[in-house]
Amino acid sequence: MTIHRKNSVILPFQQNSVAIPGIGPVARETFPLTPRSPSHERAISILDNTVTTIQLISNVIPSQAASGILSSITGILNIIKTTIENQDDFQELVEQCQMIGLVVWRAIWATPQHKLDGTIHRALTNLTSSVDGILEAIKAKTEKNVVSKAFHATIDRNTINKWKNELIRFLTLFNIEVNIATNISMNLKLDELLFMFQEHSITTTSHSQMDAIEEADVLPTWPRVFVGRSALVQSATDALLKSHHVALIGPGGIGKSSVARAVLNDDTVVSKFQARRYFVRFDDMDVTQVNLKTFLDHIARALGFATPVNAYNLITKTLSTSETLLVLDNAETFLDATMDAGRIADAIDGFGARPNVTILLTTRTTVLPPNLEWVRLRVPPLEESAACEAFQAYYPSIETSILIKLLSAVDFHPLSINLLAQAAVQNEWSPQDLITAWDHQRATLLEAGDGKSQSLAVTIETSLNSPSFLKLGNQQDTSYSNFSWGITH
């Protein structure tokens, strides 16, 4: 695929100036210190790059939720630039500030607004509060010593390392909360995040000047851990092969998307629809801003087109050429849309009315487009044996009787099972340790007034309050990117 890159955003680590949308090229500041050692040159370069990157991120993030954290990071960087004498010793702390900005950008860019308003907003608030604490500490330290120029590395290097490690811990907790709430992979290094941000900026500019994309979206693969769903997959597959539209219905984290991925990759489905299988994700949209245009644009891009003038006609013509399976994942996003819900339902009715088009939905809502006949399949919790098998795929050394006790406490909920297994592995817990940690967290929520003490909430809090994360700030060489939380919904 050839993309013509015009007016691209060039990140500061590439050249001596950076193009900021709506502003134009901005030259870097330099600090004429004599003499300049290579290490000092590198520290100044990293500081300048970070300041400009945070400015770019502030320009491209639409959410007000990130303004506080980005402002705090900018405050820290400005103090280091204008006040600190031993800037070389702040190099790792500056890199951590850059990491925080890029991680926040990725989280907000990839998260729909309705999720930003919940767990992600809380995580952002906590992260901002934590970084504000570091900012105030740096202010206090520099205000005390700036007159006498007493802020030297030989005295304060330990303090700098403490601040850096605290930032690492804060970012790790934020990373885990985002991954748990959205299933967005946050396990990335600084260079990877910089590359993603660059590519996003280039693609955003390039797409506005392209009439078509050469290839459709890459299809998701078979789920990594997938047990106890063979009958459900068979029922969905049988219905689709008979050209019946299917809706997989169930609450969050129950495994609807995993079932849809398994169906999409079933041999008989592949044989019938071949390359005419499309998987359209709607978990990156804001339910309060979804309208007919954004709905159609999502489908058009999945089919391999840029935003067309008449998306509905183009999609309809493309789907009508041969036998086609259209999977619409997280359909509640547009079925519950506050704008154009009726028109979106009409569009789905129009697609499904084509004799060669078969639709598979995953949704939390039971309200479906009214003019199509749907085979409604409820996605239940896992059976006891399947739940045990799913847990043991991550944590095999556990007695069945203990495991059943634990998994029944989380109602055999697939996402809860995955989270608990990951927590046990990360913390090297024994089975009894895990049960004790879960029971303690449940009791804490009950004491706080949560009479229901929902199993998923307890599970999330158990993971976030586990020792492997709470003690992270005391480990100088630990990076949040060492943790891998592969949650399959």
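Trainee: Before we start, what does buried mean here?
Mentor: Buried means under 20% relative accessible area. And keep in mind that this is a predicted model.

Trainee: Okay. How many residues of strand 6 are buried?
Mentor: Seven of the seven, covering residues 357–363, so strand 6 is largely enclosed by the rest of the structure.

Trainee: Which residues sit on each side of strand 6?
Mentor: One side has V357, I359, L361 and T363, and the other has T358, L360 and T362. They are all buried, so both faces of strand 6 are covered.

Trainee: What does strand 6 pair with?
Mentor: Strand 3, residues 245–249, is joined to strand 6 by four bridges, and strand 5, residues 324–329, by five. Both pairings are parallel.

Trainee: Any residue pairs I can look up? Which residue is the bridge partner of I249, for instance?
Mentor: That's T363 in strand 6. On the strand 5 pairing, look at L328, which stands opposite L361 of strand 6.

Trainee: Zooming out, what order do the strands of the sheet come in?
Mentor: The order is 4-5-6-3-7, five strands in an open sheet with parallel pairing. Strand 4 (277–281) and strand 7 (374–378) are the edge strands, each pairing on one side only. From one strand to the next, the twist averages 15°.

Trainee: How many bridges hold strand 7 to strand 3?
Mentor: Five, in the parallel sense. Within strand 7, L377 stands opposite L248.

Trainee: Switching to helices, which strands does helix 13 lie across?
Mentor: Strand 3, strand 6 and strand 7, and helix 13 runs at about 140° to strand 6. Helix 7, residues 230–241, lies across strand 3, strand 5, strand 6 and strand 7. Relative to strand 7, helix 7 runs at about 175°.

Trainee: And at what angle do helix 11 and helix 13 pack?
Mentor: About 25°, with their axes 10 Å apart. Angles under 35 degrees count as roughly parallel, and helix 11 and helix 13 are therefore roughly parallel to each other. Helix 11 (residues 311–319) passes helix 13 (residues 341–353) in a right-handed crossing.

Trainee: Which residues make that contact?
Mentor: From helix 11 you have Y312, I315, T316 and L319, and from helix 13 there are A347, G350 and F351.

Trainee: How many of those are nonpolar, polar or charged?
Mentor: The contact of helix 11 with helix 13 has five nonpolar residues, two polar and no charged.

Definitions and conventions. Residues are numbered from 1 along each chain as its sequence is written. This is a predicted model: local features need pLDDT of at least 70, side-chain atom pairs count only at pLDDT 80 or more; totals for chains, interfaces and linings use all residues. Side-chain values use heavy atoms; hydrogens and water are left out. Buried means under 20% relative accessible area, exposed over 50%, partly exposed in between (1.4 Å probe, protein chains only). Helices (H or I, at least four residues) and strands (E, at least two) are DSSP runs, numbered from the N terminus. Two strands pair if DSSP finds at least two bridges between them. Axes are lines fitted to C-alpha atoms, for helices over the stretch in contact, and angles run from 0 to 180 degrees between N-to-C directions. Angles under 35 degrees count as roughly parallel, over 145 as roughly antiparallel, 65 to 115 as roughly perpendicular and the rest as oblique. A crossing is left-handed if the near helix is turned anticlockwise from the far one by less than a right angle, and right-handed if clockwise. Contact means heavy atoms within 4.5 Å. Ala, Val, Leu, Ile, Met, Phe, Trp, Tyr, Cys and Pro count as nonpolar, Asp, Glu, Lys and Arg as charged, and the others, Gly among them, as polar.
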